Amino acid sequence: MIPRTIPDPARRRPARRRVATALAAAILGAGVIAPAVAPAADAKFGYIDSGRIFQEYADAKEAQARFDRQVQSWRDEAAEKEKQVKLLRDEVRDQSPILSALKRQEKEEALQRAVGDYEKFIQDIWGPNGKAAAENERATADVVAQIRAAVEKIAGERALDLVLDSAGGVIIYADHSMDITSLVLQELNSRSTTDTKR
């Protein structure tokens with residue numbers, strides 16, 4: 001039997017997580033970076049804006065750009081496979097009346113193989129354990145580790161007991177003097193491995 005529909009990769013894959021989106025969950029997954037917290041009255045707090053860090057940190061922007069290029073490459077390959085399926089489907093439809101039973105069966109089998117190849121490719125790339133998710137996790141892990149190290153260094157230098165992330169929506173109000181985002185960005189960009197250091 002000839003498959004009538006081609007799976008849509010956008011419909012079959014989960015929404016693509018951007019490297020930046022994963023930061024808020026990963027960087028402060030536990031909610032905070034907190035050296036031994038002192039009694040509440042003596043505790044010193046700070047916060048960062050992870051969204052701003054991902055917008056301004058050169059290595060994070062480069063990781064996002066690499067991921068976007070890889071995703072575009074996969075989309076191009078999927079489009080080529082989808083085009084092949086459409087061509088075969090058109091051939092079967094248009095030539096079926098004039099083909100012998102054996103040739104029609106060969107064309108239908110070729111079409112089924114092409115559809116199977118396309119579906120497998122979509123699943124391998126955008127499925128729950130696909131290459132897109134693995135690549136995103138890898139890129140996110142590198143950047144998150146760098147950001148955590150910078151936050152911990154700045155928190156140690158300023159003797160902070162607790163650092164929160166304002167991008168997570170947890171902070172309703174805080175004095176701007178507690179914002180260490182700029183210091184963290186300076187530290188990160190001083191260590192940056194990209195050519196676009198500040």
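A residue counts as buried here when its relative accessible area is under 20%. By that yardstick, 35% of the 198 residues in this protein are buried. Keep in mind that you're looking at a predicted model. As for the surface, the protein exposes about 11600 Å², and carbon and sulfur atoms supply 53% of that.

Now for the overall layout. The secondary structure adds up to seven helices and two strands, and if you read along the sequence you meet them in the order α-α-β-α-α-α-α-β-α. Among contacts with a separation of 6 or more, 86% link residues 24 or more positions apart.

A good place to linger is helix H6, which takes in residues 131-157. From its first C-alpha to its last, this 27-residue helix reaches 39 Å, close to the 39 Å expected at 1.5 Å a residue. Its buried residues include Ala132, Asn136, Ala139 and Thr140, and further along Val143, Val144, Ile147, Ala150, Val151, Ile154 and Ala155. Just after H6 ends, Ala159 takes a positive phi of about 55°.

H6 also packs against helix H7, residues 181-191: the two axes come within 9 Å and cross at roughly 125°. That angle falls outside both the 65 to 115 degree range for roughly perpendicular and the over-145 range for roughly antiparallel, so H6 and H7 are oblique to each other. The crossing is right-handed. On the H6 side, the contact is made by Gln146, Ile147, Ala149, Ala150, Val151, Lys153 and Ile154; H7 answers with Leu183, Val184, Glu187, Leu188 and Arg191. Look back at the buried residues of H6 and you'll find Ile147, Ala150, Val151 and Ile154 there too.

How values were computed
Residues numbered from 1 in each chain as written. Predicted model: local features only at pLDDT ≥ 70, side-chain atom pairs only at ≥ 80, totals over all residues. Heavy atoms only, no water. Helix = DSSP H or I, 4+ residues; strand = E, 2+ residues; numbered from the N terminus. Expected span 1.5 Å × (residues − 1). Buried < 20%, exposed > 50% of the residue type's maximum accessible area, 1.4 Å probe, protein only. Contact = heavy atoms within 4.5 Å. Areas by Shrake-Rupley, 256 points an atom, 1.4 Å probe, with all protein chains shown as cover. Axes fitted to C-alpha atoms, helices over the stretch in contact; angles between N-to-C directions. Parallel < 35°, antiparallel > 145°, perpendicular 65-115°, else oblique. Left-handed = near helix turned anticlockwise from the far one by under 90°.
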